[in-house]
Amino acid sequence: MTLSAVQTRTGLALREVTLTYPDGESRMTALDRVSLEVAPGEFTAVAGPSGSGKSSLLAVAATLLRPDSGQVLLDGQDAGALAESARTALRRERLGIVFQQSNLLASLTAVEQLLVLESVRGGRPRAARQRAEDLLASVGLDGSKQQRRPHQLSGGERQRVNIARALFGSPSVLLVDEPTSALDHERGGQIVDLLAEITRTHRTATVMVTHDRDLLGRVDRVLEMQDGRLR
Amino acid sequence: MFVALRDIRFAKGRFALMGAVVTLITTLVVFLYGLTGGLASAASSAIAGLPADRIVFGAPAGAAPTVSFSNSTVSPAQAAAFAGAPGVVSARPLGLSMTRLTTSEAAATVSVLGTDAGLLPPLKSGAAPADGQLAVGSETAALYHLTPGRQVQVGPAKLTVSGITEQRSYSHAPTVWTTVPTWERLSGQNQPIALALSTSSGSDPGALDNAQGTKTVAVADSLTGINGFDAEQGSLQMIQGFLFVVSALVVGAFFTVWTVQRKPDIAVLKAVGASSGYLVRDALAQAAAVLVGGALLGGSAGAVGGVFASSSVPFDVSVPGVAVPVTVMVLLGLVGAVLAVRRITAVDPLAALGANR
Ligand SMILES: Nc1ncnc2c1ncn2[C@@H]1O[C@H](COP(=O)(O)OP(=O)(O)O)[C@@H](O)[C@H]1O
Ligand SMILES: [Mg+2]
């Protein structure tokens with residue numbers, strides 16, 4: 001990452017974001033003038049019941065859905081103003097996504113799950129290998145486990161690879177989608193602790209969406225989502 | 001190719017199966033290609049190899065001339081008119097018939113071509129035939145132990161071998177060469193059946209045809225006039241064409257199913273910033289790897305099989321005979337793959353979010 005890109009890190013901002021889905025004849029409002037600012041190094045959780053709009057919020061912040069109105073700013077850049085290919089590039093350069101299912105590619109080893117991003121960026125995966133191994137080790141996956149494929153890893157280990165992959169591009173914004181839904185309570189707590197630590201060390205603006213209230217003690221700020229509104 | 005190669009390694013069985021299909025079809029096509037070429041030579045090399053550029057067909061008085069060696073006949077007046085026309089370097093008579101060659105040990109069907117020494121294939125030994133003599137191809141000579149000076153029975157006549165030429169064949173029978181008068185004696189005909197023209201720039205075969213009631217075509221186009229030539233070549237080429245199409249469809253179907261199965265992976269890669277272009281290139285590289293691997297293997301198998309087969313069936317083994325089918329297989333397969341992996345562009349990265357993969 002270039003120096004100027006580091007300097008422009010301002011985190012994530014949503015301004016008056018409204019999102020509707022078609023619903024029969026009319027449209028239903030999934031996000032109702034949602035505003036949110038998350039600074040670098042801040043770990044924010046968005047909690048709320050099922051159907052309240054958490055996934056929609058994440059999709060909009062991830063530039064995977066265009067809101068009906070309002071702005072989505074990543075490091076101050078308005079994603080709404082960008083064409084599809086520029087949004088793809090923005091995701092590549094600014095954003096890390098920790099998926100709900102670990103969403104790893106079945107044919108790749110743990111370390112290759114990270115290296116594929118170097119290939120996507122047009123870089124040389126071989127040259128990035130050491131960095132990928134260090135990153136995996138820093139999330140608690142070391143030694144021979146780095147050479148295993150997803151089906152040879154436990155759920156918690158897969159989630160660690162998922163997190164390391166999200167961090168690989170040195171993102172300024174980290175979006176986390178229900179990271180513990182496939183894990184037991186103890187392992188879920190470990191994963192959230194890891195995310196909190198990463199947010200501090202990597203200075204990411206982290207937004208975690210969850211319906212698991214037991215985890216909320218470990219974050220800097222909890223926002224409640226209810227019927228598309230954020231409080 | 002980062003994901004492409006690892007997917008091949010991971011799903012070895014499936015890709016091996018696809019590669020095997022490409023290999024088998026390529027083997028078959030290379031084999032058919034060589035057979036088509038070999039049969040074409042067996043049916044026509046005596047005509048196709050003539051050192052002439054056009055063939056003149058005639059018809060009995062009152063009939064319209066057609067491109068057919070079995071129906072054609074050329075009168076002395078027509079032959080003289082062509083020979084004397086401006087731009088015609090030579091107009092040599094051709095007599096063609098099928099008969100039996102009998103030696104003390106064996107008998108075989110041969111095609112007899114009666115013509116001037118000027119149209120003889122390159123001589124390997126001996127001399128061009130005079131009246132009462134014949135020249136035979138090298139393979140025929142080897143098969144029946146013929147050497148210059150030996151006498152053989154050709155149809156009703158006893159002829160002396162004058163020389164050995166390069167091997168030629170007509171209508172799937174080896175060709176023996178003799179003079180026009182000797183051919184007339186063997187075949188019971190009294191005039192040649194066609195003319196072989198060598199022309200220079202000033203010739204006007206169209207005008208001559210109109211004046212003489214003849215039909216003049218390029219040597220390559222005259223092969224149609226050999227009985228069964230078009231039907232034989234056409235049906236073999238049609239089988240090859242079908243095999244190419246079947247292969248492209250199978251490859252297309254395979255990569256369609258594969259792409260649909262990969263949709264979740266594609267959505268994740270797009271969500272983490274892979275462009276459609278990157279993913280399509282990756283998928284096409286994968287298809288190319290399978291196609292090139294399969295086609296090269298099949299091409300080699302077809303060529304090796306062809307070398308073995310060429311001792312018992314007419315078979316042309318040549319570099320283009322392998323390279324052309326292999327290249328066409330790869331290119332048509334890629335067309336099928338392009339149509340299949342096109343759907344990568346339509347995958348929505350949004351699908352990577354949420355629980356419902
Ligand atoms: N693709 C869609 N089309 C129509 N309605 C949708 C779609 N996705 C979500 N919704 C609706 O939008 C609301 C918010 O959904 P969602 O963002 O998934 O909430 P959560 O993640 O908190 O469960 C729900 O009422 C849901 O039914
Ligand atoms: Mg949800």
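## Polar contacts with ligand 1

A polar contact is a pair of N or O atoms within 3.5 Å. In this predicted model, Ser56(A) meets that cut-off: one of its polar side-chain atoms lies 2.5 Å from an oxygen atom of ligand 1. The protein covers 59% of the 560 Å² of accessible area that ligand 1 has on its own.

Two other residues approach the ligand through their backbone. For Gly53(A), a polar backbone atom is 3.0 Å from an oxygen atom of ligand 1. For Ser52(A), a backbone N or O atom lies 3.2 Å from an oxygen atom of the ligand.

## The shell around ligand 1

Which residues surround ligand 1? From the earlier part of chain A come Tyr21(A), Met28(A) and Ala30(A). The rest are Pro49(A), Ser50(A), Gly51(A), Ser52(A), Gly53(A), Lys54(A), Ser55(A) and Ser56(A). By class, this shell holds four nonpolar, six polar and one charged residues.

Two elements of chain A, strand 2 (26–38) and helix 2 (54–61), each supply at least two residues of the shell. Helix 2 of chain A gives the most, with three residues.

## The contact between chain A and chain B

The size of an interface is often given as the accessible area lost when the parts come together. Here chain A and chain B bury about 2300 Å² between them, and 69% of that area is on carbon and sulfur atoms. The contact takes 28 residues from chain A and 22 residues from chain B.

How many salt bridges are found across the interface of chain A and chain B? There is one. Glu112(A) forms a salt bridge with Arg6(B), and their closest N and O atoms are 2.9 Å apart. Between the two chains, seven residue pairs are in polar contact, counting pairs with both residues at pLDDT 80 or more.

## The side of chain A that touches chain B

Helix 2, helix 3 (84–94) and helix 4 (110–120) of chain A are the elements that give two or more residues to the side touching chain B. Helix 4 of chain A gives the most to this side, with six residues. By class, the residues on this side of chain A divide into 15 nonpolar, seven polar and six charged.

Helix 2 of chain A therefore appears in two settings: it supplies residues to the shell around ligand 1 and to the side of chain A that touches chain B.

Notes:
Residues numbered from 1 in each chain as written. Chains lettered and ligands numbered in written order. Predicted model: local features only at pLDDT ≥ 70, side-chain atom pairs only at ≥ 80, totals over all residues. Heavy atoms only, no water. Near = heavy atom within 4 Å. Polar contact = N/O pair within 3.5 Å; in protein donor to acceptor, adjacent residues only side chain to side chain. Areas by Shrake-Rupley, 256 points an atom, 1.4 Å probe, with all protein chains shown as cover. Helix = DSSP H or I, 4+ residues; strand = E, 2+ residues; numbered from the N terminus. Nonpolar A, V, L, I, M, F, W, Y, C, P; charged D, E, K, R; others polar. Contact = heavy atoms within 4.5 Å. Buried area = accessible area lost by both parts, 1.4 Å probe. Salt bridge = Lys/Arg side-chain N within 4 Å of Asp/Glu carboxyl O.
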